[in-house]
Amino acid sequence: MKIGFAGLGVMGAPMARHLLKGGHEVTGFNRTFAKAQAWAEATGGRAVETVAEAANGAELFVMCVGNDDDVRQVTGEALAHLPAGAVIVDHTTTSAKVAREMAQAATEQGCAFLDAPVSGGQAGAENGQLTVMVGGDAEALARAEPVIKVYSKGIQHMGPSGSGQLTKMVNQIAIAGAVQGLAEAVHFAQVAGLDTDAVFEAVSKGSAQSWQMDNRWKTAVRGEFDFGFAVEWMRKDLGLVLDEARANGARLAMTALTDQFYAEVQAMGGNRWDTSSLAARLSR
Ligand code: NAP
């Protein structure tokens, strides 16, 4: 397929690389052009300086940019140049509101817009093992699915536009609670004077086991917080979650509290630390 790709960052660059390996013709655009050039040199893809060039003639337009404003900007420019019938797949984590707005705008241009946020982090993108939660038209997804598959281990259609983003919010709510639980468990083990390696062996095989425990217990004990998804991004995501909860009435006391804990981590200089750095707040 002829594919335009916008946003060649931590997540987008490896996704676009997988698309090339899958035999697609990929034209890459990034706000900072040097990053697009570096991607093109490393992969053999084509780098362009405008969204218009990436969108021109593309059957599929994939993006993984930063936030709501970025998605509004890139989608607006892309829709001015995409041919009728094109499908936009947005892997950015945004509000459900912007997903619905963009889907409406795309429909008016004879195109389709799928909100398709991902879970799996940088490692998932590098290894082509992302989980994708999709909102929008089922027929558009049927066309995009074989392409998205090259970097995904699971693709789930969640319902109408916005429901992919709402599902990603569920994911982030569950992660926030799991990470704060792990941080307090590590903290308690240390304060109690236990051997933290032995505690891990004892509790990680039972019902306290979790991905966070398996992957972040030992690093949190060592005070290492350089493992991917940054606090800055988590605060953006929890902001989206709490906005949505204010609108739909969901009661997210624990999520709101954890968001404030992340604000404290930022005040400690941890903006770019990974999400497990909630443990650092407790060991001050
Ligand atoms: P990133 O490394 O900052 O990449 C974003 C890329 O998009 C950057 O290269 C940026 O260009 C480009 N961009 C941003 N706004 C743009 C615009 N208006 N026009 C054109 N290009 C633009 O971030 P990331 O880690 O890949 O994350 C991207 C999205 O995926 C975010 O919404 C994030 O929440 C979500 N996500 C991330 C992870 C993760 O583990 N990192 C996991 C799941 C979901 P510049 O080079 O100019 O900055």
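These legends walk you through close-up views of a predicted model of one protein chain with its ligand.

**View 1. The chain falls into two domains.** Start here to get your bearings. Domain 1 covers residues 2-159, and domain 2 covers residues 166-282. Taken over C-alpha atoms, the centres of the two domains are 29 Å apart.

**View 2. Domain 1 and domain 2 meet at an interface of about 880 Å² of buried area.** The size of an interface is often expressed as the accessible area lost when its parts come together. Carbon and sulfur atoms give 64% of the area buried between domain 1 and domain 2. On the domain 1 side, look for Thr93, Ala96 and Met133: this trio supplies 41% of the area that domain 1 buries against domain 2, more than any other three residues. Counting contacts, 13 residues of domain 1 touch ten residues of domain 2.

**View 3. A shell of 25 residues lies around the ligand.** Those that come nearest are Met11, Asn30, Thr32, Gly66 and Lys236. Sorted by class, the shell holds ten nonpolar, ten polar and five charged residues. Both domains take part, with at least three shell residues drawn from each of domain 1 and domain 2.

**View 4. Helices α4, α6 and α11 each bring at least two residues to the shell around the ligand.** To find them, follow the chain to residues 68-79 for α4, 121-127 for α6 and 231-248 for α11. The largest share, three residues, comes from α4.

**View 5. Oxygen atoms of the ligand pair with polar atoms of Val10, Thr32 and Gly66.** At Thr32, an N or O atom of the side chain is 2.5 Å from a ligand oxygen. Gly66 takes part through its backbone, where an N or O atom lies 2.8 Å from an oxygen of the ligand. Val10 also offers a polar backbone atom, and here the distance to a ligand oxygen is 2.9 Å. On its own the ligand has 890 Å² of accessible area, and the protein covers 91% of this.

How values were computed:
Residues are numbered from 1 along each chain as its sequence is written. This is a predicted model: local features need pLDDT of at least 70, side-chain atom pairs count only at pLDDT 80 or more; totals for chains, interfaces and linings use all residues. Side-chain values use heavy atoms; hydrogens and water are left out. A residue is near a molecule or strand if one of its heavy atoms lies within 4 Å of it. A polar contact is a pair of N or O atoms within 3.5 Å; within protein, one must be able to donate a hydrogen and the other to accept it, and residues adjacent in sequence count only if both atoms are side-chain atoms. Accessible areas come from the Shrake-Rupley method with a 1.4 Å probe; for residues, only the protein chains shown count as cover. Helices (H or I, at least four residues) and strands (E, at least two) are DSSP runs, numbered from the N terminus. Ala, Val, Leu, Ile, Met, Phe, Trp, Tyr, Cys and Pro count as nonpolar, Asp, Glu, Lys and Arg as charged, and the others, Gly among them, as polar. Domain bounds come from an automatic or database domain assignment. Contact means heavy atoms within 4.5 Å. Buried area is the accessible area (1.4 Å probe) that two parts lose on being put together, summed over both.
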